[in-house]
Amino acid sequence: MNVYDSARMSDTLATLGYDETDRIEAADLVVLNTCHIREKAADKVYSELGKIRKLEETTGRDVTVAVAGCVAQAEGEEIIRRAPVVDMVFGPQSYHRLPELLERVKAGERPAAGTGRVPSKARPRAVDTEFPAEDKFDHLPEPVAERVRGRGVTAFLTVQEGCDKFCTFCVVPYTRGAELSRPVERVVAEAEALVAAGVREVTLLGQNVNAYHGVGPDGDAWSLARLVRRLAAVPGLARLRYTTSHPRDMDDALIAAHRDLPELMPYLHLPVQSGSDRVLAAMNRRHGAADYLTLVERIRAARPDIALSGDFIVGFPGETDADFEATLALVRAVGYASCFTFKYSPRPGTPAASESDQVPEPVKTERLARLQALIDEQEAAFLKSRVGLVVPVLFEKAGRDPGQLVGRSPWLQAVHVAAPADLIGGIAAVEILAAGHHSLDGRLAEPAADGAVRLRA
């Protein structure tokens, strides 16, 4: 979602004459778009700000520096206090106000009375971490085809933001706010604009995307399943994905969409976080391990070739050895294609952060290593099971080696193939020859005598 938000910020800044650069030393404006979901991610912000301060001191250039996103939303004025190099701070719901904030900084807006802040730069700073009454999507410029083309043949599209689940470890309800779903017609219009600019695959985004309930053209609230079926009918849109899902919002209609729609890729990110019912209850996940396993069975019955990924937190407050073993048992029962695993990270303001039975760091480290080893084993087995299959690959870009392209399998793995550059943006049949650590190697499949390519997966 931060990738999507960054692209929309760039589109907004383009209307003011800004263009993107990969060289920070050449930038007039630097925007750090931040994540607050893990402590390490937040710590990186201050590290990067230190580098920018040193760059200003070394070059003598006065760079406008902004901190955006969820760290900005959570810490606001604290960022200004800790990092005087910062000119602007704004949350993920306020970036449509970026032109206004820039103007305020350039115009020399003074700090609010009584804050006690004395800016170290010649100009004062601007902070906007309120949840605005207006919908930011109503104020963002339309995607510009040339800029969309420059980002490649795949794209993200935010359809839902915020979360009402209030898991006890999670800051999302506090930094992104309550669940908000974009109207169907707005989503479809943006998807059509992306496709017109050459995008072939769209990933629908939301903190809790399968809780989508946007208003449709008929005035009714549409489910994600209904939205996906509408988007699958957009001419030229070859592939659809969505992330991130909550098990409680995986309904029959969405499972049926996986069965019925060839455009909806056979890959599903379905976080469970733990295999222990006791820990799941403490997390306020509102489902048990058996519920999750039953859901996986239903999904696989509808789409047998689907690949599953998930999220796991180890060392949640109060997690015992038995709780952790229950997590390992669930992982073995599911058989994932990949997963994201994390040590529990206390986030300020969340209920779990104040629990007294925090798990010691060495215990968390040991458990994470054991879990990750099991996940790595499952991912390797999944990749190996693809060898010998002929699968459709969407080619995205040139590879590292001359004459090589990189594409994506239906299950999201990178596939390396010797192929002509004019295949970028196209989908071709590829025979998988070998499995790497996190990717696949293949070759273009030979058509049969009748000219058809026989696909099997």
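Angles under 35 degrees between helix axes count as roughly parallel. That cut-off applies to a pair of helices in this predicted model.

**Helices H13 and H14**

Helix H13 covers residues 321-334, and helix H14 covers residues 361-386. Their axes come within 10 Å and cross at roughly 10°. H13 and H14 are therefore roughly parallel to each other. From H13, the contact draws on Asp321, Phe324, Glu325, Thr327, Leu328, Val331 and Arg332. From H14, it draws on Arg367, Arg370, Leu371, Leu374, Ile375 and Gln378. By type, the contact residues divide into six nonpolar, two polar and five charged.

**The nonpolar cores**

In soluble globular proteins, nonpolar side chains tend to be buried together. Here, the largest nonpolar core has 56 residues. The members that touch the most others are Leu204, Leu224, Leu227, Leu231, Tyr242, Met250 and Tyr336. Another core, of 19 residues, lies apart from it. Val30, Leu32, Leu49 and Ile80 are among the members of that second core.

Met250 deserves a closer look. Leaving aside neighbours within four places in sequence, Met250 is in contact with Asn210, Tyr242, Ile255, His258, Leu268, Leu270, Leu295 and Ile299. Two of these partners, Ile255 and His258, sit in helix H10.

**Helix H10: His258 and Ile255**

H10 spans residues 252-260. Is His258 buried or exposed? His258 is buried, with a relative accessible area of 1%. Not counting residues up to four places away in sequence, His258 touches Tyr242, Met250, Leu264, Met265, Tyr267, Leu268, Arg303 and Ile306.

Ile255 is also buried, at a relative accessible area of 7%. Under the same exclusion of neighbours within four places, Ile255 is in contact with Met250, Leu295, Arg298, Ile299 and Ala302. Thr175 is 80 residues from Ile255 in sequence. In space, the two are 30 Å apart, C-alpha to C-alpha.

**Helix H5: a buried face**

H5 runs over residues 98-107. Its buried residues are Leu98, Leu101, Leu102 and Val105. Seen down the axis of H5, these fall within an arc of 100°, so they line one face of the helix. The face turned away from the buried side carries the exposed residues Glu103 and Ala107.

What covers the buried residues of H5? The cover includes helix H1 (2-14) and strands S1 (29-34), S2 (64-69), S3 (88-90) and S4 (126-128). Gly108 follows H5, and its phi is positive, near 80°.

**Backbone features in loops**

A cis peptide bond joins Thr243 and Thr244, with omega about 5°. Thr244 lies in the loop between strand S9 (239-243) and H10.

Another loop links helix H11 (277-282) and helix H12 (289-302), and Asn284 lies in it. Arg286 is found in the loop between H11 and H12 as well. Asn284 has a positive phi and is not a glycine. Arg286 likewise has a positive phi although it is not a glycine. The table sets out their values.

| Residue | Phi | Relative accessible area | Class |
|---|---|---|---|
| Asn284 | near 65° | 26% | partly exposed |
| Arg286 | about 65° | 41% | partly exposed |

Key
Residues are numbered from 1 along each chain as its sequence is written. This is a predicted model: local features need pLDDT of at least 70, side-chain atom pairs count only at pLDDT 80 or more; totals for chains, interfaces and linings use all residues. Side-chain values use heavy atoms; hydrogens and water are left out. Axes are lines fitted to C-alpha atoms, for helices over the stretch in contact, and angles run from 0 to 180 degrees between N-to-C directions. Helices (H or I, at least four residues) and strands (E, at least two) are DSSP runs, numbered from the N terminus. Angles under 35 degrees count as roughly parallel, over 145 as roughly antiparallel, 65 to 115 as roughly perpendicular and the rest as oblique. Contact means heavy atoms within 4.5 Å. Ala, Val, Leu, Ile, Met, Phe, Trp, Tyr, Cys and Pro count as nonpolar, Asp, Glu, Lys and Arg as charged, and the others, Gly among them, as polar. A nonpolar core is a set of buried Ala, Val, Leu, Ile, Met, Phe, Trp, Tyr and Cys residues joined through side-chain atoms within 4.5 Å. Buried means under 20% relative accessible area, exposed over 50%, partly exposed in between (1.4 Å probe, protein chains only). The arc is that of the directions from the helix axis to the C-beta atoms.
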